[in-house]
Amino acid sequence: MAGIATCALTLSSRSNFGTSWLEFDTHHRRTIRGKPKRWRNFGIRAEVNFVNPDEAKKLVTDEGYAVLDVRDKTQYERAHIKSCYHVPLFIENQDNDFGTIIKRTVHNNFSGLFFGLPFTKLNDKFVDSVQSQLSPQSKLLIVCQEGLRSTAAANKLEAAGFKNVACVTSGLQSVKPGTFDSEGSTELQDAGKAGLITIQGKISAVLGTVLVCAYLFITFFPEQAEKLLQLAPSS
């Protein structure tokens with residue numbers, strides 16, 4: 001019986017757009033008495049590239065990357081890059097179980113009211129939706145508003161077999177006006193701003209936090225709230 005040892009090789013390449021890796025893990029042909037010769041494992045792993053807005057622009061114009069916007073519908077409609085694909089990583093949560101109703105009520109009286117953020121849940125059909133529009137060989141520039149959702153989306157797509165994936169570090173909020181041709185009622189970097197915070201600024205954010213805390217205290221601790229009101233001086 002004769003055997004040949006396993007070998008592993010990792011190749012790294014660098015560019016202005018970050019570092020990508022190729023990993024090779026091979027098991028050479030092995031002969032075992034009574035069993036046929038066969039090849040074992042061979043795998044390739046690609047990592048996501050993180051780029052700044054100027055580098056992202058070059059990926060689109062010079063290297064043919066398609067833009068995939070993974071923000072929710074509300075932010076997308078406020079402003080988005082022209083001719084981009086839109087598949088939200090999170091979708092509006094319209095479930096009506098008791099726990100979800102409580103969470104939605106709290107959300108709508110804070111994040112929804114003061115920051116204009118919708119109440120969402122993870123889109124469990126995200127990968128399937130992307131695969132129905134784009135092939136794993138596609139070059140993808142994934143964008144969101146702050147950079148967190150695009151990172152999560154990129155990891156999901158990389159695990160599903162997409163090998164040419166890039167994300168904008170810090171998201172569209174870091175993109176200067178005019179970097180990309182866009183559509184919508186505002187600039188790309190302002191698409192995440194909505195609700196009372198845009199009207200009253202920092203003061204409304206502070207007052208909103210106080211009001212929401214008071215609301216939650218009265219809702220969940222009514223007896224303690226009543227005692228506090230009784231201690232308040234009457235006019």
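Two residues are in contact when their heavy atoms lie within 4.5 Å. That criterion underlies the contacts reported below for this predicted model.

**Overall composition**

The protein chain contains 8 helices and 13 strands. Of its 235 residues, 31% are buried. Where contacts join residues at least 6 apart in sequence, 65% of them link residues at least 24 apart.

**Q173 and its surroundings**

Q173 lies in the loop that runs between β12 (164–168) and β13 (182–184). With residues up to four places away in sequence left out, Q173 touches Q145, E146 and Q189. Its relative accessible area is 43%, and Q173 is therefore classed as partly exposed. Q173 is also separated from A191 by 18 residues in sequence, while their C-alpha atoms are 7.9 Å apart in space.

**R71 and its surroundings**

R71 occupies the loop between β6 (66–69) and α2 (73–78). Because its relative accessibility is 0%, R71 counts as buried. The side chain of R71 forms a polar contact with the side chain of Q145, at 2.8 Å. Once neighbours within four places in sequence are set aside, the contacts of R71 comprise Y76, A79, H80, H86, P88, V143, C144, Q145, R149, L172 and A191. Q145 thus appears in the contacts of R71 and also in those of Q173. A191, for its part, is in contact with R71 and has its C-alpha atom 7.9 Å from that of Q173.

The two loop residues are set side by side in the table.

| Residue | Loop | Relative accessibility | Class |
|---|---|---|---|
| R71 | between β6 (66–69) and α2 (73–78) | 0% | buried |
| Q173 | between β12 (164–168) and β13 (182–184) | 43% | partly exposed |

**Packing of α5 and α6**

Two packed helices are described by the angle between their axes and the distance between the axes. For helix α5 (residues 126–133) and helix α6 (residues 148–159), the axes come within 10 Å and cross at roughly 70°. Since angles of 65 to 115 degrees count as roughly perpendicular, α5 is placed roughly perpendicular to α6. The crossing in which α5 passes α6 is right-handed.

On the α5 side, the contact involves F126, V127 and V130, which meet A153, K156 and L157 of α6. By residue type, this contact of α5 with α6 consists of 5 nonpolar residues and 1 charged residue, with no polar ones.

How values were computed. Residues numbered from 1 in each chain as written. Predicted model: local features only at pLDDT ≥ 70, side-chain atom pairs only at ≥ 80, totals over all residues. Heavy atoms only, no water. Axes fitted to C-alpha atoms, helices over the stretch in contact; angles between N-to-C directions. Helix = DSSP H or I, 4+ residues; strand = E, 2+ residues; numbered from the N terminus. Parallel < 35°, antiparallel > 145°, perpendicular 65-115°, else oblique. Left-handed = near helix turned anticlockwise from the far one by under 90°. Nonpolar A, V, L, I, M, F, W, Y, C, P; charged D, E, K, R; others polar. Buried < 20%, exposed > 50% of the residue type's maximum accessible area, 1.4 Å probe, protein only. Polar contact = N/O pair within 3.5 Å; in protein donor to acceptor, adjacent residues only side chain to side chain.
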